[in-house]
Amino acid sequence: MSRVQLALNVDDLDRAVTFYTALFGVEPAKRKPGYANFAVAEPPLKLVLLENPGQGGTLNHLGVEVETSRQVHGEIARLSEAGLFTEEQMATTCCFATQDKVWVTGPGAERWEVYTVLADSETFGAAPEFLEIDAVQTCCGPEQSCCAGQTA
């Protein structure tokens with residue numbers, strides 16, 4: 001199974017969690033300081049909320065969650081064959097999970113990731129303090145909007 005991921009910036013995580021719990025009828029699958037995600041069965045959706053005061057209501061990034069690293073590598077090959085520039089991140093820690101992923105950028109500068117979760121993590125990114133800009137860049141790359149401005 002794969003599902004589309006929608007990562008949104010929100011001003012107030014508590015209010016957003018209350019709203020999306022009511023909208024989709026499910027509780028968050030993961031909740032950490034400044035972060036929550038929902039695994040919605042119908043429609044198949046991974047909704048990620050990133051608390052970024054002042055950026056609420058804006059798109060952070062898009063993605064497709066797949067089940068295995070083999071699928072991520074298959075997408076790397078397919079996207080490269082299609083002439084798209086890919087940025088690979090293997091065994092990277094981002095959004096409280098260790099992941100294998102590949103990034104591409106759409107024609108409107110929208111960032112898409114195809115990823116699989118390898119394991120849960122107690123940290124937001126690879127750096128010890130996820131609130132530091134270096135952690136944001138480690139998580140999502142220096143030129144990407146993913147996780148930009150992440151605050152607790």
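**Exercise 1. Work out how much of this predicted model is buried, and sketch its overall layout.**

*Solution.* Start with the burial count: the protein has 152 residues, and 46% of them count as buried. Next, take stock of the secondary structure, which comes to 3 helices and 8 strands. Then walk along the sequence and write down each element as you meet it, giving β-α-β-β-β-β-α-β-β-β-α. Last, look at the contacts between residues at least 6 apart in sequence: 57% of these join residues at least 24 apart.

**Exercise 2. Find the partners of strand E3 and say how they run.**

*Solution.* Step one is the partner before E3. Strand E2 (residues 30-32) is joined to E3 by 3 bridges, and the two run antiparallel. To see one pair, pick lysine 30 and look across to asparagine 37 in E3, which stands opposite.

Step two is the turn. The hairpin of E2 and E3 has 2 residues between the strands, and glycine 34 takes a positive phi there, near 75 degrees.

Step three is the partner after E3. Strand E4 (residues 45-51) also runs antiparallel to E3, with 6 bridges joining them. Here phenylalanine 38 has leucine 47 of E4 as its bridge partner. The hairpin that links E3 to E4 goes through 4 residues.

**Exercise 3. Decide whether strand E3 is enclosed or open, and say why.**

*Solution.* Count the buried residues in E3 (residues 35-40): you get 5 of the 6. That is why we can call E3 largely enclosed by the rest of the structure.

**Exercise 4. Trace the pairing from strand E6 through E7 to E8.**

*Solution.* Begin with E6 (residues 87-94). E6 is joined to E7 by 6 bridges, in an antiparallel arrangement. One pair to look for is threonine 92 with glutamine 99 of E7 standing opposite. At the hairpin of E6 and E7, 2 residues sit between the strands, and cysteine 95 has a positive phi near 55 degrees.

Now move on to the other partner. E7 and E8 are antiparallel too, and they pair over 9 bridges. Across this pairing, tryptophan 103 stands opposite glutamate 113 in E8. The hairpin of E7 and E8 has 5 residues between the strands, with alanine 109 at a positive phi near 70 degrees.

Finish with burial: E7 is mostly covered, as 8 of its 9 residues are buried.

**Exercise 5. Is valine 102 buried or exposed, and which residues is it in contact with?**

*Solution.* First, place valine 102: it's in strand E7. Second, check its accessibility. The cut-off for buried is under 20% relative accessible area. Valine 102 has 1% relative accessibility, so it counts as buried.

Third, list the contacts, leaving aside neighbours within four places in sequence. Valine 102 touches Val72, Ile76, Leu79, Thr86, Glu87, Glu88, Trp112, Glu113 and Val114. Finally, try a distance: the C-alpha atoms of valine 102 and glutamate 88 are 4.4 Å apart, although 14 residues separate the two along the chain.

**Exercise 6. Describe the setting of arginine 111: where is it, is it buried or exposed, and what does its side chain join up with?**

*Solution.* Arginine 111 belongs to strand E8 (residues 111-120). Its relative accessible area is 11%, so arginine 111 is buried. For the side chain, look towards threonine 105: a polar contact of 2.3 Å joins the two side chains.

**Exercise 7. Describe the largest pocket and the second largest pocket: what volume does each have, and what lines it?**

*Solution.* Take the largest pocket first. Its space is about 180 Å³. The lining includes Leu8, Asp12, Phe19 and Gly57. Strand E1 (3-10) and helix H1 (13-24) each supply at least two of the lining residues, and H1 gives the most, with 4. Sorted by type, the lining has 5 nonpolar, 3 polar and 3 charged residues.

Now the second largest pocket, with about 160 Å³ of space. There are 16 lining residues, and those closest to the centre are Lys30, Tyr35, Asn37, Lys46 and Val117. E3, E4, strand E5 (59-65), strand E7 (97-105) and E8 each supply at least two residues. E8 gives the most, with 4 residues. By type, this lining splits into 7 nonpolar, 4 polar and 5 charged.

Notes:
Residues are numbered from 1 along each chain as its sequence is written. This is a predicted model: local features need pLDDT of at least 70, side-chain atom pairs count only at pLDDT 80 or more; totals for chains, interfaces and linings use all residues. Side-chain values use heavy atoms; hydrogens and water are left out. Buried means under 20% relative accessible area, exposed over 50%, partly exposed in between (1.4 Å probe, protein chains only). A polar contact is a pair of N or O atoms within 3.5 Å; within protein, one must be able to donate a hydrogen and the other to accept it, and residues adjacent in sequence count only if both atoms are side-chain atoms. Two strands pair if DSSP finds at least two bridges between them. On a 1 Å grid over the protein atoms alone, a cavity is a set of points where a 1.4 Å probe fits but cannot get out, and a pocket is an open set with protein on both sides within 12 Å along at least five of seven lines; lining residues have an atom within 4 Å of a point. Grid points are joined across faces, edges and corners, and a volume is the space filled by probe spheres set on the points. Ala, Val, Leu, Ile, Met, Phe, Trp, Tyr, Cys and Pro count as nonpolar, Asp, Glu, Lys and Arg as charged, and the others, Gly among them, as polar. Contact means heavy atoms within 4.5 Å.
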